[in-house]
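Hi,

Here is the structure I promised to pass on. Have a look at it first, then read my notes below.

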Amino acid sequence: MQNLFKVMSLSLLLTAGCSNQSVDNAAVETTYDLIVRNGKIYDGNGGLGFTGDIAVNADRIVAINKNILGHAKKEIDARGNAVAPGFINILSWSGETLLADGRGQSALRQGITLEVMGEGISMGPLSPSMKVALKARQGATKYDIAWTTLGEYLQHVADRGTSINIASYLGAATARWNILGPDDVDPTPEQLKELRKLVKTAMEEGALGVASSLIYAPGVYAETDELVALTEVAGSCGGIYATHMRSEGDRFLEAIDETIEISKRANTPAHIFHLKVGGVNNWDKMARAAKRIEQVRDNGVRITADMYPYAASGTGLSASMPPWVQKGGHNAWIKRLQDPTIRAKVIADMRDPNPDWENVMQMAGGGENVLLAMFNNPKLKPLIGKTLADVAKERGISVEEAAIELVIEDNSRVNVIYYTMSEDNLKRKIVLPYVSFSSDGMAISAEGNVLKSAQHPRSYGAFSRVFSHYVRDLKLITVAQAVHRMSAAPADILGLKDRGRLKVGNYADIVIFNIDTIQDYATYTQPHQYSKGVSTVIINGVEALRDGEPTSARPGQVVRGRAWTGWSDGGCRSSASDWDWNLNSLL
């Protein structure tokens, strides 16, 4: 470590700040572990790129210059390619898949170096009953539950070996289930104290914030006051409030207002997951939502968002059934659906043209716009790629009855793709400077059991598609802007000071790609196709992807939030005001 600091001190003399770094090298040659040479460097700050070199020792960047003297044990010629900070996937569902396969190829091959999990539910903390439920609902991915807390889970994945760095929010629904169970109940004052205590513990274990998902049971049962109480704790621990809002359809604008209210009352930054609005009658609300967000941001409220570049979403058939039937958890839901009287009421609610809950199938315009993507039951796998309307016609029943039957037969929520969104709104969002990017998908490998189920193409192509379609083809944003919103911007949103930028002293998470050839290939009907155009991914100073193929290295680490007690200045504080939130002027 002492030698590293000496090299870093020397490199500061050889480095000229940000995107226009240009100083003469001292007449000293140094030996490094790794040098990336001759690439067009985009440092993550959003400025124009410049041609130069980057030197790495151990897991840190120690020099950046137009021409670094000396040599390295390993040198990579990046001539003709872009060199950028590793991309941060601010919303990932890789909690289980990285346990099964630490390579995470669908993400790695896009240049993703950090997967952030925990939308609504997280992999810890788990009560004994939650462990039983988690074990019971495992599908093709099987694993032992060798942890209890969120911190233990993250370390467990890292210890097993992962190519990609990992981090997590505390799921608000997971916290709720620990204290209140899966039922639609409000916490007592004492229970609210327990919830807040649980948030504090998770934050001190390294969580990046608390994240809600407010259209799914049991998260949907949390009212605004409860969310404010949890967010206050997250903010006092240097974390954020992130949310899949209560509506992305008919009550989209009201959901925006609730998110703003939570942020204001808790005095804590808020982040909107996969900012989108579904249903043709709602598409015009996106412009109004953007104006509303910009107004409060101008008044000092720190609201950010992310998006994936597709006009269809992916979730379960559960999102097309009323929350009341899902009370008490998965087994209670399945049992109710088998009761003819209850089933009739569920069908009536699913057909209600003005429901007081978020009916995603209704937003999609009906079963013909719902594509079946994943089943656990082998007998149902031939239905993958068909629409819900196709199955209903084959069985001679309504689409509502077909949805219920499939959920029962598969004993799962049945993952599907809903065609709900507008391409024009994608273009409108892509230019917003406070919107970063996510996959809202899984880091997986296109082999084995994975090929037996469909996937949303975002798992394989979200980040590559931004470059190929919106940067290169449509020219809506520049390479530098896209890199910034995949690296430094999400790092600042999450309060990560040593990730997200090519900067001396930062972790050496580096991606090398060709802007002319980077391309997504995954489609809705043929999703298991890797992106191409990323040649090298360096994670914590180690090549995880070389010549476009994964190496045997598993250099991924746990990335922890600011309150982690392992930091010398870790631990929670009295309020969110005690933390520095102005990490980047664009936010």
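Let's start with how helix 14 and helix 15 sit against each other in this predicted model. The axes of helix 14 (residues 388-395) and helix 15 (residues 399-410) come within 9 Å and cross at roughly 95 degrees. Angles of 65 to 115 degrees count as roughly perpendicular, and therefore that is the description for this pair. If you wonder about the two numbers, packed helices are described by the angle between their axes and the distance between the axes.

Which residues make the contact? On the helix 14 side you'll find Leu388, Ala389, Val391, Ala392 and Arg395. They meet Val399, Ala402, Ala403, Glu405, Leu406 and Glu409 in helix 15. Sorted by type, the residues of this contact are eight nonpolar, three charged and no polar.

Next, have a look at a little sheet. It is an open one with three strands in the order 14-16-15, and the pairing is antiparallel. Strand 14 (312-316) and strand 15 (370-374) are the edge strands, each pairing on one side only. From one strand to the next, the twist averages 30 degrees. As a reminder, strands of a sheet pair through backbone hydrogen bonds, either parallel or antiparallel. Between strand 14 and strand 16 there are five bridges, and you can spot Ala312 opposite Tyr419 of strand 16.

Now go along to Thr420, in the loop that runs between strand 16 (415-419) and helix 16 (423-430). Is Thr420 buried or exposed? Its relative accessibility is 4%, so Thr420 counts as buried; the cut-off for buried is under 20%. Leaving aside neighbours within four places in sequence, Thr420 is in contact with Val277, Gly278, Gly279, Trp283, Ala311, Ser313, Val360, Met363 and Ala364.

One of those partners, Gly279, deserves its own visit. Gly279 belongs to the loop between strand 12 (270-272) and helix 10 (285-298). With a relative accessible area of 7%, Gly279 is buried too. Not counting residues up to four places away in sequence, Gly279 touches Met363 and Thr420. Also try finding Gly365: it is 86 residues from Gly279 along the chain, yet their C-alpha atoms are separated by 7.1 Å.

Another loop residue to click on is Ser487, between helix 18 (479-486) and helix 19 (488-494). Ser487 has a relative accessible area of 0%, so it is buried. Beyond residues up to four places away in sequence, what does Ser487 touch? The answer is Gly44, Pro85, Gly86, Ile88 and Gly500.

Then there's helix 5 (residues 150-160), whose buried residues are Leu150, Gly151, Tyr153, Leu154, His156, Val157 and Ala158. Their cover includes helix 2 (97-100), strand 7 (112-117), strand 8 (165-168) and strand 9 (170-171). Just after helix 5 comes Gly161, with a positive phi of about 110 degrees.

Last thing: how far to trust the picture. The mean pLDDT of the protein is 93, and 94% of its residues reach 70 or more. Confidence is highest in strand 18 (residues 510-513), at 99, and lowest in helix 1 (residues 2-13), at a mean of 39. Over residues 1-27 the pLDDT stays under 50, although the model has 48 contacts for them beyond four places in sequence. Where pLDDT is low, the predicted coordinates should not be read in detail.

Have fun with it!

Methods:
Residues numbered from 1 in each chain as written. Predicted model: local features only at pLDDT ≥ 70, side-chain atom pairs only at ≥ 80, totals over all residues. Heavy atoms only, no water. pLDDT = per-residue confidence, 0-100. Helix = DSSP H or I, 4+ residues; strand = E, 2+ residues; numbered from the N terminus. Contact = heavy atoms within 4.5 Å. Axes fitted to C-alpha atoms, helices over the stretch in contact; angles between N-to-C directions. Parallel < 35°, antiparallel > 145°, perpendicular 65-115°, else oblique. Nonpolar A, V, L, I, M, F, W, Y, C, P; charged D, E, K, R; others polar. Buried < 20%, exposed > 50% of the residue type's maximum accessible area, 1.4 Å probe, protein only. Pairing = 2+ DSSP bridges.
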